[in-house]
Amino acid sequence: MKITKLLIANRGEIAVRIIRAARELGLKTVQVHSAAAADMLAVRMADEAVNIGPPHAAKSYLNIDNILKAARETGADAVHPGYGFLAENAGFADAVEAAGLVFVGPKGDSIRVMGDKVAARVAAEAAGVPVVPGSDGRVDDPEHARAIALAIGFPVMIKAAAGGGGRGIRIAHDMAEFETLMPQASAEAKAAFGDGGLYIEKVIDRARHIEVQVLGDGRRAIHCFERECSLQRRRQKVWEEAPSAVLPQAVREKLCASAVALAEAVNYRGAGTLEYLYDDETRHFYFIEMNTRIQVEHPVTEMITGIDLVREMIRIAAGEPLRLQQSDVTMTGHAIEVRINAEDPARNFMPAPGTVTELRVPGGPGTRFDTMLYQGYQVPPFYDSLLGKLIVWDETRASALGRMARALEELEVGGLATTKPLHQLLARDESVGKARFHTRWLEPWLEANAHRLST
């Protein structure tokens with residue numbers, strides 16, 4: 001189906017990113033917004049804008065009826081969900097297509113399979129992709145859960161079957177903790193995702209978080225190499241790189257091939273990311289989940305491959321076959337992305353909404369700042385605290401770290417606290433410089449360096 005007008009069902013920096021890609025393809029754009037976001041940059045950039053409800057997301061960005069009404073009234077013929085909100089909602093994907101519109105993403109059925117961690121695990125095993133030892137499916141019976149935990153050995157991770165973003169996850173080191181944490185995890189999963197279902201898996205100690213970017217057209221898939229996302233706070237990524245600095249080439253090839261095999265096994269369409277845990281010592285990798293959408297950290301992949309992932313998503317959604325063969329995808333240099341959030345590192349990362357009184361954007365070779373900010377913008381308190389993403393590229397990881405440190409010095413966001421001081425310390429840290437970290441490295445580091453995290 002030919003796309004002429006694209007509605008962006010999201011906000012913030014990703015909405016700006018999508019508008020830019022759409023413009024380059026010659027498309028008109030419609031930006032939906034809540035009453036609290038009428039002055040955001042994406043609204044100013046889009047050809048049309050529609051207010052879809054009050055500030056709270058449940059009544060605006062999560063309101064399927066209002067979004068589809070906006071599409072009808074403006075004559076949009078496609079919807080891009082971005083990330084977060086309804087991006088991985090199979091019902092939304094179905095509703096968009098039932099309304100005769102193009103959903104820029106996978107089919108609802110693919111979201112159902114890969115968006116459910118248990119179903120995704122089953123699909124991975126069927127495709128021959130290694131998974132972390134754990135339950136074969138959802139675990140609803142407490143006695144069965146205890147037996148699984150004992151069989152795989154503590155520590156174990158209790159995880160929500162639906163959703164993501166670190167919600168509904170608990171780590172139990174013994175049976176006493178397991179008994180206490182399991183109902184907590186279920187309750188949080190129910191509140192966050194409307195589904196209290198859980199599954200259990202073995203904790204891989206000192207694991208690294210590696211993910212593979214894929215593109216598929218529903219028949220064929222390719223990979224765009226891997227990203228490392230091991231620097232995390234409360235299971236939320238704060239710093240991402242491409243490629244991983246520690247992955248041997250033989251392992252990289254097997255890892256990326258496994259991602260393609262799984263994407264093709266579920267007839268995946270669009271951009272998606274398969275996430276893995278990687279054990280440095282054994283050099284084994286284990287599939288954990290798939291994100292059936294564009295990722296926050298997609299720019300580092302774009303920087304090392306030269307592929308505009310958002311444009312490719314739109315082309316694929318319009319019915320075009322994959323334009324690239326795997327042999328066309330090459331990797332050059334090293335890219336790093338840091339998330340600039342409206343949070344105060346000196347006050348335990350307390351949210352810090354406010355008015356942007358000054359904005360200086362870094363420039364120079366290999367430097368990119370994806371943001372929704374402009375001077376005078378009032379950052380609302382209702383949504384995710386991400387203000388923008390600072391991305392750098394250079395020929396080597398060492399030179400990219402130096403470029404990141406320089407770019408952070410240039411970046412100025414006046415009027416509110418941000419996570420810039422955290423990234424300035426990390427960019428100069430010896431362990432980060434030597435890529436000696438894992439998914440549980442950052443939080444103890446933050447405790448040890450709390451006195452240095454001043455704005």
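How many disulfides does the structure hold? The structure holds zero disulfides, a disulfide being a pair of cysteine sulfur atoms within 2.5 Å. This is a predicted model, in which local features need pLDDT of at least 70 and side-chain atom pairs count only at pLDDT 80 or more, while totals for chains, interfaces and linings use all residues. Residues are numbered from 1 along each chain as its sequence is written, and side-chain values use heavy atoms, with hydrogens and water left out.

## Cysteines

Cys224 is in no disulfide. Its nearest cysteine sulfur belongs to Cys256 and lies 9.3 Å away. That distance is too far for a bond. Cys224 is buried, with a relative accessible area of 0%. Cys256 is buried as well, at 1%. Here buried means under 20% relative accessible area, exposed over 50%, and partly exposed in between, with a 1.4 Å probe and protein chains only.

## The eight-stranded sheet

Helices (H or I, at least four residues) and strands (E, at least two) are DSSP runs, numbered from the N terminus. Two strands pair if DSSP finds at least two bridges between them.

An open sheet of eight strands runs in the order E13-E12-E9-E10-E11-E14-E19-E18, with antiparallel pairing. Strands E13 (284–291) and E18 (367–371) stand at the edges. Each has a single partner strand, so one side of each is left without a neighbour in the sheet. From one strand to the next, the twist averages 25°. Axes are lines fitted to C-alpha atoms, for helices over the stretch in contact, and angles run from 0 to 180 degrees between N-to-C directions.

Helix H11 (residues 309–317) packs on this sheet. H11 touches E9, strand E10 (221–233) and E12, and its direction makes about 40° with that of E9. Contact means heavy atoms within 4.5 Å.

E12 (residues 269–279) pairs with E9 (residues 208–217) in the antiparallel sense over ten bridges. Val212 has Leu274 of E12 as its bridge partner, and His209 has Leu277 of E12. E12 also pairs with E13, antiparallel, over seven bridges. There, Leu274 has Met290 of E13 as its bridge partner. Eleven of the eleven residues of E12 are buried, so E12 is largely enclosed by the rest of the structure. E12 and E13 form a hairpin with four residues between them.

## Helix H9

H9 covers residues 249–265. At 1.5 Å a residue, its 17 residues should span 24 Å, and its end C-alpha atoms are 24 Å apart, which agrees. The expected span is 1.5 Å times one less than the number of residues. The buried residues of H9 include Val251, Arg252, Leu255 and Cys256. Among the elements that cover the buried residues of H9 are helix H5 (108–115), helix H6 (117–126), E9, E10, E12 and E13.

## Nonpolar cores

A nonpolar core is a set of buried Ala, Val, Leu, Ile, Met, Phe, Trp, Tyr and Cys residues joined through side-chain atoms within 4.5 Å. The largest one has 101 residues. Leu7, Leu215 and Trp239 have the most contacts inside it. Helix H1 (residues 12–24) gives the most to this core, with seven residues. Not counting residues up to four places away in sequence, Trp239 touches Glu228, Ile336, His423 and Val432, among others. A second, separate core has 26 residues, including Ala120, Val212, Ala221 and Cys256.

## Backbone features

The table gathers positive phi values.

| Residue | Phi | Place |
|---|---|---|
| Arg234 | near 50° | loop between E10 and E11 |
| Asn267 | about 50° | just after H9 |
| Arg283 | about 60° | loop between E12 and E13 |

Arg234 counts as exposed, at 54% relative accessibility.

Two cis peptide bonds can be described. One joins Phe154 and Pro155, with omega about 0°. Pro155 sits in the loop between helix H7 (142–152) and strand E6 (156–160). Another joins Ala242 and Pro243, with omega about -5°. Pro243 sits in the loop between strand E11 (236–242) and H9.

## Thr74

Thr74 is in helix H3 (residues 64–74). At 12% relative accessibility, Thr74 counts as buried. Leaving aside neighbours within four places in sequence, Thr74 is in contact with Lys5, Val30, Glu48 and Val50. The C-alpha atoms of Thr74 and Leu6 are separated by 9.9 Å, with the two residues 68 apart along the chain.
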